[in-house]
Amino acid sequence: MRKVLAGVLLGVGAAVIILILGSGGFLETAEMKLYDWRMRLAANPASVNRDIVLVEINDSTIRDMEPLFGHWPWPRVALSYVIDYLRRAPARVVAVDITLAERDRVERYDIGGEKWSGAESDQALADSVRQAGNVIMLADAVDEGLLGGSDGPAPAIAAIANPGYRVGDRAEPRPVILPPYPALAEASAALGHNFLVLDTDGPARRMSPFVSHGDLTLPSLGVAAALMAGHIRPDEIVAAGDAIRLRDRRMPLVAAPFVDAYDRGHRRTQWTTLVNYRAPALLPNGDRPYPAYSFRRLFMSEQQLLAGQPPMIDPAEFRDKIVFVGFTASGLVDVFNSPFGDDRMPGIELHASLADSVLAGHFIAPASARARVATILI
């Protein structure tokens, strides 16, 4: 009996020590590294939703289009041609992961001998987005802004971004949400944010599914694309304890204590969802796990169609697809460390992974406190 009692005391003592270390956050780094290892083991590239497609602005695209548009940034009319091309398919949803907050004030572009002003180029993009009727534009929520706040978005933009989400304090408050320039914001079918929560050791494991600024509430770009593709209405989205209910899907949330950067005395809970990556950014053969196309090829295909020629790519390839347009170029910053080690994940692939999870209803849920304590005791 003494041996049994000694064994029980040793086991309980060890469990208590682990619980104390865990509650103090001393094991957090080890847990994150083990989480990355488990993520790599669970990856299944064959399971990705092949109806989700990436359109990449990569290094070769920027180089190949330099004779036509010069250096980056290009005039917005370049993007309008790709939106028009995808409307021919038509694509089910087009999500654009590019910040276009300011009006283009360039007086004159020379595009293949054709003259465009910045204002004309801006209007061409807004017109294409309005005619497509299924384009989600990016609203930048990364910028911390200046102390003192801002005047807030225009009423028309607020109406787009507030269709009736009921997520309350599960939305991450942001000091600034920067929508696209007014004509483009008002032409958009919806807006989506890009605020990503990076863990202390660097990798992008989780994201705020919704952010807020005053009365403005926005889903992330990936969540917004999935909601539109799945025809999930705003009144079907509601906070439900440690999750957000999306019609028949339950998106689990991770609650973490957070110290306000502007008020060190204020602590609150930050709610994020874990990104269920199905695959690394690149497969062993160098391909993307999601079907991927160069922006240049779509642009050139639209030019060929306008000239009455056979296109490089038939628009029918994008029929009923969920298309994410954005950067994979190494010099344009929108890449992140992922749980797959040195793998550099483009922002559009991160948003695509989140959209994939919502559409499939497959999420990563943290174990309950009761389960964690029981496991340690056992």
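Here are four short exercises on a predicted model, each with a worked solution.

Residues are numbered from 1 along each chain as its sequence is written, and side-chain values use heavy atoms, with hydrogens and water left out. Because the model is predicted, local features need pLDDT of at least 70 and side-chain atom pairs count only at pLDDT 80 or more, while totals for chains, interfaces and linings use all residues.

**Exercise 1. The sheet**

Work out the strand order of the open sheet of 6 strands, and find which strands stand at the edges.

Step 1. Helices (H or I, at least four residues) and strands (E, at least two) are DSSP runs, numbered from the N terminus. Two strands pair if DSSP finds at least two bridges between them.

Step 2. Reading across the sheet gives E7-E5-E2-E18-E1-E17, with parallel pairing.

Step 3. The edges belong to E7 (190-193) and E17 (292-294); each has a single partner strand, so one side of each is left without a neighbour in the sheet.

Step 4. On average, neighbouring strands here are turned by 25 degrees against each other, direction ignored. Such angles run from 0 to 180 degrees between N-to-C directions, and axes are lines fitted to C-alpha atoms, for helices over the stretch in contact.

Step 5. Now look at one pair: E5 (residues 135-139) joins E7 in the parallel sense over 4 bridges, and Ala139 stands opposite His193 in E7.

**Exercise 2. A residue in strand E5**

Decide whether Met137 is buried or exposed, and list what it touches.

Step 1. Locate Met137 in strand E5.

Step 2. Buried means under 20% relative accessible area, exposed over 50%, and partly exposed in between (1.4 Å probe, protein chains only). With a relative accessible area of 1%, Met137 is buried.

Step 3. Contact means heavy atoms within 4.5 Å. Leaving aside residues up to four places away in sequence, Met137 touches, among others, Val96, Ile98, Leu184, Ala190 and Leu221.

Step 4. Finally, see what packs on the sheet around this strand. Helix H5 (residues 77-88) lies across E2 (93-97), E5 and E18 (322-327), running at about 160 degrees to E2. Helix H9 (residues 221-229) touches E2, E5, E7 and E18, and its direction makes about 170 degrees with that of E2.

**Exercise 3. Salt bridges**

Find the salt-bridge partner of Lys33 and say which parts the pair ties together.

Step 1. A salt bridge is a side-chain nitrogen of Lys or Arg within 4 Å of a carboxyl oxygen of Asp or Glu. The whole structure has 23 of them.

Step 2. Lys33 pairs with Asp201, the closest N and O atoms being 3.0 Å apart.

Step 3. Lys33 lies in helix H2 (residues 28-42) and Asp201 in the loop between E8 (196-197) and E9 (206-207), so the pair ties together parts that are 168 residues apart in sequence.

Step 4. Lys33 is partly exposed at 42%, and Asp201 is partly exposed at 24%.

Step 5. Asp201 also meets Arg205 in a salt bridge (2.8 Å, N to O); Arg205 is buried at 2%. A network of salt bridges links Lys33, Asp36, Asp199, Asp201, Arg205 and Arg206.

**Exercise 4. Two helices**

Describe how helices H1 and H12 pack.

Step 1. H1 (residues 2-23) and H12 (residues 369-377) pack at about 140 degrees, with their axes 9 Å apart.

Step 2. Ala15, Ile18 and Leu19 in H1 meet Val373, Ile376 and Leu377 in H12.
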